[in-house]
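Please examine the sequence and the three-dimensional structure shown below. The paragraphs that follow lead through selected features of its architecture.

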Amino acid sequence: MLIEGARKLSGEVEVQGAKNSALPILAATILSGGENVLCNCANISDIDAAVGILRYLGGSVSRHHTTMLVNTDSLCRFDIPHDLMREMRSSIVFLGAVLSRHKRARLSFPGGCELGPRPIDLHLKALRQMGAVINEHHGILDCYAPKGLMGTKISLSFPSVGATENILLAAVNAKGTTTLTNAAREPEIVDLAEYLNKCGAKIYGAGEGIIVVDGVGKLHGTQHTIIPDRIVASTLLSCAAVTGSEILLKGIISQHLSSVISIFEEAGCKVKADKGEISFCAPERLNAVKNIRTMPYPGFPTDAQAPLMSALTVARGTSCFVENIFESRFKHVGELLRLGANIKVEGKVAVVEGVSGLSGALVEAQDLRGAAALITAGLAAEGTTEVTGIKYLERGYDSFETVLSDLGASVRKV
């Protein structure tokens with residue numbers, strides 16, 4: 001991606017559908033059977049990877065712009081090969097759905113961005129509590145539930161999004177009632193539960209710390225619209241903030257961005273949310289933000305940390321980031337230094353001393369949100385910034401260069 005920086009952005013943009021909502025819902029179609037119509041699906045490589053898994057399992061998937069038609073009546077496999085699992089981390093969410101449908105599942109450990117340990121112990125422990133027998137050998141998970149899965153009481157030691165999703169997928173057809181304590185509360189969990197309930201599931205309390213699932217015998221297909229992507233929205237706000245710009249985000253749920261909006265307001269931005277839109281106006285130079293701590297929802301999202309850090313590299317004063325979710329979430333820092341940023345990292349803390357300006361350079365993305373951060377910084381940098389590793393960006397951002405160009409940026413993919 002080539003970026004000619006130091007240009008103001010202006011205009012409006014419709015925010016794409018949420019990657020982290022579409023992926024578990026695509027996995028959930030394994031349980032529903034019949035035809036599912038999923039609207040607002042972004043055209044990104046992670047969704048392509050999920051579609052590849054569904055087709056391998058025997059499902060039928062077609063895309064018409066942002067609408068996907070999925071039919072899983074003809075599913076005939078319970079194994080997912082290594083190459084498909086390695087394409088993304090969230091592929092593990094297929095485990096609960098496949099095991100629930102076939103009483104068997106065989107798959108390898110997932111791949112995706114290397115953000116440090118993201119153990120799936122919580123997933124496996126919960127499924128074992130529901131009656132699954134899981135053998136691990138040579139990176140392969142061999143799972144059986146010969147008598148089917150059974151509802152039970154499960155308490156998570158950490159509100160893991162992936163584990164919560166897998167438990168919901170396993171529980172909707174399980175015998176009896178499953179009560180999940182310390183469940184993740186992210187909007188994407190609520191969206192998954194709403195989709196499953198439309199299919200005939202009985203899920204209560206999604207979005208709260210305790211979720212109750214009454215198992216049902218069978219689900220059916222439905223139509224569902226994926227929620228807007230709050231992380232893409234956060235990235236676009238960071239792009240406007242770093243360039244001192246004014247933009248309008250459309251098709252957004254502002255409540256999902258409360259923790260992000262408060263940080264931008266502290267940095268001196270004016271934010272107005274109204275009827276699915278966010279009007280955003282940044283000052284010529286941002287104020288530093290003393291303390292940004294990534295936390296599970298409703299706290300500040302770890303996925304928004306990297307683009308926000310890019311914006312604050314040119315703020316007036318010193319900002320401090322504390323990364324509480326992933327160990328290796330500061331890979332973008334070394335590349336931001338090449339652009340002229342002043343950042344010091346010690347363990348899970350990054351201290352950002354604002355500089356008067358950035359300069360274009362050749363930088364390399366090493367993960368999805370890091371790629372977004374480098375593009376954000378490039379928009380503010382004098383001269384040309386060349387960002388390689390764009391394959392990571394395309395895991396979660398739909399035609400991002402076109403979106404930014406439409407807002408007045410000089411960005412092109414070569």
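In this predicted model, helix 12 spans residues 368-380, and 13 of its 13 residues are buried. Buried here denotes a relative accessible area under 20%. With every position meeting that condition, helix 12 is largely enclosed by the rest of the structure. An α-helix has 3.6 residues a turn, so residues three or four places apart point the same way. In helix 12, the burial extends to 13 of 13 residues, so the enclosure concerns the helix as a whole.

The N-terminal end of helix 12 is capped by D367. A side-chain oxygen of D367 lies 3.4 Å from the backbone nitrogen of R369. D367 also belongs to the lining of the largest cavity.

That cavity is the next feature to consider. A search of the whole structure finds 1 cavity of 30 Å³ or more, and the volume of the largest cavity is about 30 Å³. Its lining comprises K331, H332, E364, A365, Q366, D367, G370 and L374. Two of these lining residues, G370 and L374, fall within the range of helix 12, residues 368-380.

The description now turns to the sheets. Strands of a sheet pair through backbone hydrogen bonds, either parallel or antiparallel. One open sheet has 4 strands in the order 2-15-17-16, and its pairing is mixed. Strand 2 (10-14) and strand 16 (270-274) form its edges, each pairing on one side only. On average, neighbouring strands of this sheet are turned by 15 degrees against each other, direction ignored. Within the sheet, strand 15 (residues 246-250) and strand 17 (residues 277-281) run antiparallel and are joined by 5 bridges. In this pair, L248 stands opposite S279 of strand 17. Helix 8 (residues 230-242) packs on the sheet and touches strand 2, strand 15 and strand 17. The direction of helix 8 makes about 170 degrees with that of strand 15.

Another open sheet has 4 strands in the order 10-11-13-12, again with mixed pairing. Its edge strands are strand 10 (153-155) and strand 12 (202-204), and each pairs on one side only. Neighbouring strands of this sheet are turned by 15 degrees against each other on average, direction ignored. The edge strand 12 pairs with strand 13 (residues 210-214) in the antiparallel sense over 3 bridges. One residue pairing is that of I203, whose bridge partner in strand 13 is V213.

Technical notes
Residues are numbered from 1 along each chain as its sequence is written. This is a predicted model: local features need pLDDT of at least 70, side-chain atom pairs count only at pLDDT 80 or more; totals for chains, interfaces and linings use all residues. Side-chain values use heavy atoms; hydrogens and water are left out. Buried means under 20% relative accessible area, exposed over 50%, partly exposed in between (1.4 Å probe, protein chains only). Helices (H or I, at least four residues) and strands (E, at least two) are DSSP runs, numbered from the N terminus. A polar contact is a pair of N or O atoms within 3.5 Å; within protein, one must be able to donate a hydrogen and the other to accept it, and residues adjacent in sequence count only if both atoms are side-chain atoms. Two strands pair if DSSP finds at least two bridges between them. Axes are lines fitted to C-alpha atoms, for helices over the stretch in contact, and angles run from 0 to 180 degrees between N-to-C directions. Contact means heavy atoms within 4.5 Å. On a 1 Å grid over the protein atoms alone, a cavity is a set of points where a 1.4 Å probe fits but cannot get out, and a pocket is an open set with protein on both sides within 12 Å along at least five of seven lines; lining residues have an atom within 4 Å of a point. Grid points are joined across faces, edges and corners, and a volume is the space filled by probe spheres set on the points.
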